[in-house]
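Please look at the fold shown here with its strands, helices and packed interior in mind. The paragraphs that follow start from one pair of residues and work outwards.

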Amino acid sequence: MGNNNSNNRSKERRWPKRIILVRHGESEGNEDKNVYTAVPDHKVQLTEKGKEEAKNAGEVIRSVVGNCKVYFYVSPFLRTRETLKEISESFSSNEIIGVREECRLREMDYAKFQNTEKMEEYKKERERYGKFFYRFPHGESAADVYDRVSGFMESLWRDIEMEEICETGSDNLNIVIISHGLTIRIILMRLFKWTAEEVESLISPKNGEIRILELGHEGKYSLALHHDDKTFEKWGLSPQMILDQKQRA
């Protein structure tokens, strides 16, 4: 029994101390929706304001993690990779122990080149149908994003358990995931077992905004160690969701 307890404690200690979720900085598409009529979604760039937001996010992350190591997962879209470039300026090369481009972290697929008028029609239709399960023509639904995010999370846990990310243990390791608004909400849904209805009530992270999850005393990740009730309410969390975060902490 003693050996089993020791093994369990060792396994717990391998989990990263924090998982930090970051939405990309402001993109040209955020500034002007008409960009999507001519530029493929994955090629949309950051604006100068977006680069500044990403740089500020890097400074915030650095202030949180101190001298601990960071490992980056990033969506393959140009705007997320440009966000990574700005964030990584806050860290030295020996503090970044890895960077992995992960296709499953990409933005929800709305369509190919987007017709602005048609997209407005589709979004109104989505409101009537239900945001989570509505699939855009030739695109995805939030439920589709959930399926691929679930696959990513399983791969992430497996990499951690097999020490693919950090050979010397993960006590002070920080995983930083740079992705998109909906994808970040779906990651949180997957981690905390939120329902489709709960996710539909959430407000998308702003450009360059950060969500910090840290291991609590019971070995569970919680948002409550870095974010307060007022922030949770602004994000759209229900009283029960907020209570759950506090219990996890």
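Valine 22 stands opposite isoleucine 178 in strand 4, and this is one point along a pairing in which strand 1 (residues 18-23) and strand 4 (residues 173-179) run in the parallel sense over six bridges. The model is a predicted one, in which local features need pLDDT of at least 70 and side-chain atom pairs count only at pLDDT 80 or more, while totals for chains, interfaces and linings use all residues. Residues are numbered from 1 along each chain as its sequence is written, and side-chain values use heavy atoms, with hydrogens and water left out. Helices (H or I, at least four residues) and strands (E, at least two) are DSSP runs numbered from the N terminus, and two strands count as paired if DSSP finds at least two bridges between them.

Strand 1 also pairs with strand 5 (residues 210-215), antiparallel and through five bridges, with isoleucine 20 opposite isoleucine 212. In a regular strand the side chains alternate between the two faces of the sheet. Here Arg18, Ile20 and Val22 point one way and Ile19, Leu21 and Arg23 the other, yet all are buried (under 20% relative accessible area, with exposed meaning over 50% and partly exposed in between, for a 1.4 Å probe and protein chains only).

Helix 3 (residues 48-65) has 18 residues, which at 1.5 Å a residue should span 26 Å, and its end C-alpha atoms are indeed 26 Å apart; the expected span is 1.5 Å times one less than the number of residues. Its buried residues are Gly50, Glu53, Ala54, Ala57, Gly58, Ile61, Val64 and Val65. Because they cover an arc of only 145° around the axis, they lie on the same side of helix 3, the arc being that of the directions from the helix axis to the C-beta atoms. The face turned away from this buried side carries the exposed residues Glu48, Lys49 and Ser63.

The largest nonpolar core (buried Ala, Val, Leu, Ile, Met, Phe, Trp, Tyr and Cys residues joined through side-chain atoms within 4.5 Å) has 44 residues, of which Tyr73, Ile177, Ile186, Trp194 and Leu213 touch the most other members. Helix 6 gives the most to this core, with nine residues. Leaving aside residues up to four places away in sequence, tryptophan 194 is in contact (heavy atoms within 4.5 Å) with residues including Leu188, Val199, Leu223 and Met241. A second, separate core of 17 residues includes Ile61, Val65, Val74 and Val176.
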